[in-house]
Amino acid sequence: MSFVDTMLSALSSFEMNYTVLLLIAVTIPGLIIFLIMTVNAIVMVYMERKISAFMQDRLGPMEVGLFGFKGGKRFWGGIGQTIADAIKLLAKEDIIPKNADRFMMMLAPFIIFIASFLTFVGVPLSENFLISNFNIGILYILAMSSVGVIGIILAGWSSNNKWSLYGAMRAAAQIISYEIPIALTLLLPVIISGGLDVHTIVDWQLQNRWLILHSPFTFIAFFIFFISGIAETNRTPFDIPEAESELVAGWMTEYSGFRWSLFFLSEYTNMLIISLVASFVFLGGWGSPLTIINLIPGDYMYLDGPVWGLFWLLFKAIVLIFIMMWFRWTFPRLRVDQLMYLCWKVFIPFAIFNMLAVGIWEVLF
Amino acid sequence: MSKENLTDKSGINTEDMILNMGPQHPSTHGVLRLKIHTDGEVVSKIEPIIGYLHRCFEKHSENLPYEQVVPFTDRCDYLSSMHMSHGYSIAVEKLLDIELPERVEYIRVIVSELQRIASHAFFIGVFGLDVGAITPFTWVFRDRERIVDLFETLTGARLLYNYVWPGGVSHDLPDKFVSRTLEFLDYFEPQLIEIDELLTTNKIFIERTADIGVLDKDVAINYGVTGPSLRASGIEFDLRKNEPYSVYDKLDFDVPVGKGEMGTVGDCWDRYIVRFLEIKESIKILRQCFKLIPKGDVHAALPKKVRPRKGSVYSRFESSRGELGYYIISDGKNVPTRVKMRSPAFSNLSALAQVSEGWMISDVITILGSLDIVLGEIDR
Amino acid sequence: MPEKTLIDSIKSIDDSIAYDDETKIFSIGEVDKWFEIATEIKNLNFDYLMCITSIDLENDQLALAYNLHSTETKKSIEFNLVFPKDAQIPSIESLWKTADWHEREAYDMMGIKFVNHPDMKRILLPHDWEGHPLRKNYVVADYYHGMYIPKDKTEWE
């Protein structure tokens, strides 16, 4: 069912050494993930610049065109802008400060990149479009997304810059704290649907109703999950680690060129992962909006199917990403201790209470 | 969040970290260097180091005739340049003992109040930026562009005007200035409601600014803090009401005072809301001026040679940052002997060290932003 | 303009205080007693020190002008101190904290030495600058840190 499995079965008809077979069956999905991540970054950066520009009563990128298509007066204006930026970043000089720890500084972006890459392996894009079908899906996603903290701390420490150190310490505290509400709220679908596997959760939703409407407790859990997810990806209002007006660029200050684009890539991938996970855990995955409350169970002939599934899942994820961007340009920034207060004294008690309440609900209904 | 909770009482021997918020930094409003001694995130001592923008204004003015000093005053506080030259002109006129036509006084008030709106609007945008809200910054600049366009039709320059001269103003109001300004005021008042919704009652903004950096009344007066920062601490001290100059005694306006609505009196939120309300008061003053302004010749009282009598004068003016004072000593020549500019931001900044002890680094930036300093007039 | 009662109460603080009716400025003869006089003035409710101006009178004397204001009675007075070039002035920083930075500026620009100031160092100029610019006989040095300071400005003025 998963991509790697299909590849393996397709390639096993050739007579080859098993290790070479395995290598090919693994690299091709890897390249596909990398392609998805880059396309996602390109599209989302363009989206962010245009959305932020329209919210601020200006136009955003307008000049750079793609193959001669320059775009209209307002929308699709500078559609080739991100590609031009990506090329520029790749061609930039790679500066490493003299007193910085060279090996660590070169290693840090790759660790962060690997963390988001590995998480993406377990996140589905559609019913059949899953890179690897783990039967501990949710747990794998949680575990792999925690690896990124190491990269951030390494980046801040090795830059030999007090401001980067501040940013890294704040980021570490923030990310580690906010993983707890995420884990606690992600346990609710597991309790309700009875399995850690991605397919189990979505199938339960397609047969019953979207988890967000299952009980008032899951409704609250969705918001706790979403806001903690924004905190995980260091977006405003939780963007203290990269607070532009306080710490220059926080833990990314000393990075330039390709390494910086790796940070950027993994930040946008994290945003996509959080939105995708929220979509398939709480919002019904690849089911159409007709499955919100499943009045007529069964197949919906016109809005179901592999391609439609991909469309619905991406649609929900993009709506959530739009909301994330909307938050960034509306709210001021929270201070570090207010952030911590929010996590430990508001979210975690609510999440624990939610778990108990959902358990009781399951027993009663 | 009180200050006492933030100190470390564990008894471990720790060393203070000295953090340098250097001359180049996105949020120090100019070239200001802050040497911050911190214990983790908590600040124990701040030492502001200024002088990076010193341009020897006072020494230059000793070699220039009185009317040629006006462009130099503009460049000191580049965000309220009309106020700088207005204050200087009032000081020189006290030594010249001339009587100005009413039209000149009204034009000066109109221009000063427009400049006050521009400066306070700029403050709102930049303060939001310091706290993390990026959108009000762009909205404010869009509106400030219209004020700057008005000034361009009046004086020809966008930022540094050289408009208010000792004895009068340099040009009369052009043809459609009054109608354009009234159009702008009608357009601007609803925009303030939008910014209000985004910032003033926003829960995160209130958490970041209320109860932070409380400036006591007595501490404020002792440090010489004036202007909106002093009014936010609860003292009604506005030179336009206490010692009215120009035609302010004929105009009807209120002086907003900080009341501690969201926290303690004298916190950053109060300093923000006082400036926000002052914009509304300035709009009121502008509408009254346009009704009362008489006709006349603006160049009637311009002296051919500016030669004040011998003596010294200290003249005070309410600029958008506080009390702007000019101490001018004249020997009867056409060149001043000594011009001392008492800039409001100079004394406001000296209060930073006292106010921000015990807060966190993010709070230092908020407090610095709320004091509304411009390095140009601190360093002169 | 201060009224008669105020003038009298200030003059009664010390004998050496003189009041000039034309310029409306108080002045004292000896600068050594300035701190005590200032304490008495502060007790008369003058809680706001507006400005400290340093003046170079060209006959080898320097002067300081203190402008004070009372926020309660809304009255302003001015005090002038005249003293020879190398006199030491008591600092009134402990009475009004504004004086901290104003006195540093007076030292920096005019070279007036203050006694009992907690942190007397240059404020506007770099800390290793030589000379005091606002003096009338100030000549710009030729070199600063090995960089030549050009005197002939006809090329760009």
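Begin with helix α7 (residues 162-193) and helix α13 (residues 336-364) of chain A, which pack with their axes 9 Å apart and at an angle of about 10°. Because angles under 35 degrees count as roughly parallel, α7(A) and α13(A) are therefore roughly parallel to each other. If you colour the contact of α7(A) with α13(A) by residue class, you will find 21 nonpolar, four polar and two charged residues. Keep in mind throughout the tour that this is a predicted model.

While helix α13 of chain A is still selected, pick out A:Gln338, which lies in that helix. With a relative accessible area of 11%, A:Gln338 is buried. From there, draw a distance to A:Ile36: the two residues are 302 residues apart in sequence, and their C-alpha atoms are 36 Å apart in space.

Next, stay on chain A and turn to the surface, selecting A:Leu35, A:Val39, A:Ile42, A:Val43, A:Leu66, A:Phe67, A:Ile83 and A:Ile87 together, since this selection shows a nonpolar patch with about 770 Å² of accessible area in total. Two helices of chain A, α2 (18-55) and α3 (81-90), each supply at least two residues of the nonpolar patch, and α2(A) gives the most to it, with four residues. One residue to centre on is A:Ile87, which is found in helix α3 of chain A and is exposed, with a relative accessible area of 55%.

Now move from nonpolar side chains to charged ones. Side chains of opposite charge can pair when their charged atoms come close. Over all chains, a search of the whole structure finds 39 salt bridges, and the next stops visit a few of them.

For a pair that crosses between chains, select C:Lys121 and B:Glu47, whose side chains meet in a salt bridge at 3.4 Å, N to O. On one side, C:Lys121 sits in the loop between β7 (113-115) and β8 (143-144) of chain C, while on the other B:Glu47 belongs to strand β3 (residues 42-49) of chain B. The two partners can also be described by their accessibility: C:Lys121 counts as partly exposed at 34%, whereas B:Glu47 is buried, with a relative accessible area of 18%.

Continue within chain B by selecting B:Glu145 and B:Arg158, whose side chains form a salt bridge at 3.1 Å, N to O. These residues are 13 residues apart, with B:Glu145 in helix α5 (residues 135-155) of chain B and B:Arg158 in the loop between α5 and β4 (164-165) of chain B. B:Glu145 is partly exposed, with a relative accessible area of 31%, and B:Arg158 is partly exposed as well, with a relative accessible area of 40%.

Then go to chain C and select C:Glu30 and C:Lys33, where the side chains meet in a salt bridge at 3.7 Å, N to O. Here C:Glu30 counts as partly exposed at 42% relative accessibility, and C:Lys33 is partly exposed with a relative accessible area of 31%.

For the last stop, return to chain B: which residues are joined into one network by salt bridges that share partners? Select B:Glu113, B:Arg116, B:Arg231, B:Asp238, B:Arg240, B:Glu278 and B:Glu318 to see the residues that make up this network.

Note on methods: Residues are numbered from 1 along each chain as its sequence is written. Chains are lettered from A and ligands numbered from 1 in the order in which they are written. This is a predicted model: local features need pLDDT of at least 70, side-chain atom pairs count only at pLDDT 80 or more; totals for chains, interfaces and linings use all residues. Side-chain values use heavy atoms; hydrogens and water are left out. Axes are lines fitted to C-alpha atoms, for helices over the stretch in contact, and angles run from 0 to 180 degrees between N-to-C directions. Angles under 35 degrees count as roughly parallel, over 145 as roughly antiparallel, 65 to 115 as roughly perpendicular and the rest as oblique. Ala, Val, Leu, Ile, Met, Phe, Trp, Tyr, Cys and Pro count as nonpolar, Asp, Glu, Lys and Arg as charged, and the others, Gly among them, as polar. Patches are made of residues with over 30% relative accessible area and no salt bridge: like charges are joined within 9 Å, nonpolar side chains (Val, Leu, Ile, Met, Phe, Trp, Tyr) within 5 Å. Accessible areas come from the Shrake-Rupley method with a 1.4 Å probe; for residues, only the protein chains shown count as cover. A salt bridge is a side-chain nitrogen of Lys or Arg within 4 Å of a carboxyl oxygen of Asp or Glu. Buried means under 20% relative accessible area, exposed over 50%, partly exposed in between (1.4 Å probe, protein chains only).
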